[in-house]
Amino acid sequence: MVGFAVPRRSGGYVAGIGRSIVAVDWSTRTMTSMAEVDEDKGNTRLNDGKVDPYGRLFAGTMAIEVRPAELERHQGSLYSVTSDLTVTKHLDKVDISNGMDWSLDHRTFFYIDSLALTIDAFDYDSDSGLIGNRRVVYRMEEGEGLPDGMAIDVKGHLWVACYNGGRVINIDPAVDYCDLYVTSASLGLNECQDLGLKVVLRSHSQGEHEGTLSANCSTDHW
Ligand SMILES: O=C(O)[C@H](O)[C@@H](O)[C@H](O)[C@H](O)CO
């Protein structure tokens, strides 16, 4: 199973497949193994992976699920791999290693272990690539689902996909968070169809705001 794929500066992609981190040459459809992780485990796989602003790949693992979110606990780990293929294990006893991203000043690493139901922050040492001083930024509330994939926007706010929660939450790690409720979706009628989403943002401190989000979704990708 493919957990992640990220573009490689020298061309092609780096992907996490099973417990292998591989270089993918799309033009020749070939894969070359670069590193193996969880070599002491037989029942895990790579899940989300992302590259830090300095070119280090961070990628985490989880046990193979019996059913969604049902799996042997504490089998996963979080690793980084540098361009010279040095593998460092940062965390173990992870349940479902999932979303991650870095603050705009690169001094904080945000991370999700889904079954912990929290979005966590670590201090990030950009010289060594090491993480430390873990703390909780946001704890999921009843009915919000499991925190899953995550991305940071240009304002430094986190967007967290909530698995089985039917929502995306928007968190300002410094201040507050918002719930994003999708209230309708529409497709444009042109060749490159635009997906328009009507959304309501509910913020703890700033009340409710209605707005729209749109994405360009070429029909080839559906
Ligand atoms: O990238 C993925 O495929 C997802 O992150 C999954 O790993 C889900 O989080 C998990 O399946 C929830 O049960």
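Trainee: What makes the side chain of Glu-65 a polar contact of the ligand?

Mentor: In this predicted model, an N or O atom in the Glu-65 side chain is 2.5 Å from an oxygen atom of the ligand. The cut-off for a pair of N or O atoms is 3.5 Å, so the pair counts as a polar contact.

Trainee: Which distance puts Asp-148 under that heading?

Mentor: A side-chain N or O atom of Asp-148 is 2.6 Å from an oxygen atom of the ligand. That is within 3.5 Å, so this pair counts too. For Asn-47, a polar side-chain atom lies 3.1 Å from a ligand oxygen. On its own the ligand has 330 Å² of accessible area, and the protein covers 78% of that.

Trainee: Why is Asp-148 called partly exposed?

Mentor: Its relative accessible area is 23%. Buried means under 20% and exposed means over 50%, so Asp-148 falls in between.

Trainee: How do you know that Asp-148 is an "active site"?

Mentor: The label comes from UniProt, where an unreviewed entry places that feature at Asp-148. Such annotations may be inferred rather than shown by experiment. In the model, Asp-148 is in strand S13, residues 146-152. Its contacts beyond four places in sequence include Asn-98 and Tyr-163, and both of these residues are also among those surrounding the ligand.

Trainee: What makes up the shell around the ligand, by residue class and by strand?

Mentor: The shell divides into 4 nonpolar, 2 polar and 4 charged residues. Strand S5, residues 44-51, gives the largest share, with 3 residues.

Methods
Residues numbered from 1 in each chain as written. Predicted model: local features only at pLDDT ≥ 70, side-chain atom pairs only at ≥ 80, totals over all residues. Heavy atoms only, no water. Near = heavy atom within 4 Å. Polar contact = N/O pair within 3.5 Å; in protein donor to acceptor, adjacent residues only side chain to side chain. Areas by Shrake-Rupley, 256 points an atom, 1.4 Å probe, with all protein chains shown as cover. Helix = DSSP H or I, 4+ residues; strand = E, 2+ residues; numbered from the N terminus. Nonpolar A, V, L, I, M, F, W, Y, C, P; charged D, E, K, R; others polar. Buried < 20%, exposed > 50% of the residue type's maximum accessible area, 1.4 Å probe, protein only. Contact = heavy atoms within 4.5 Å.
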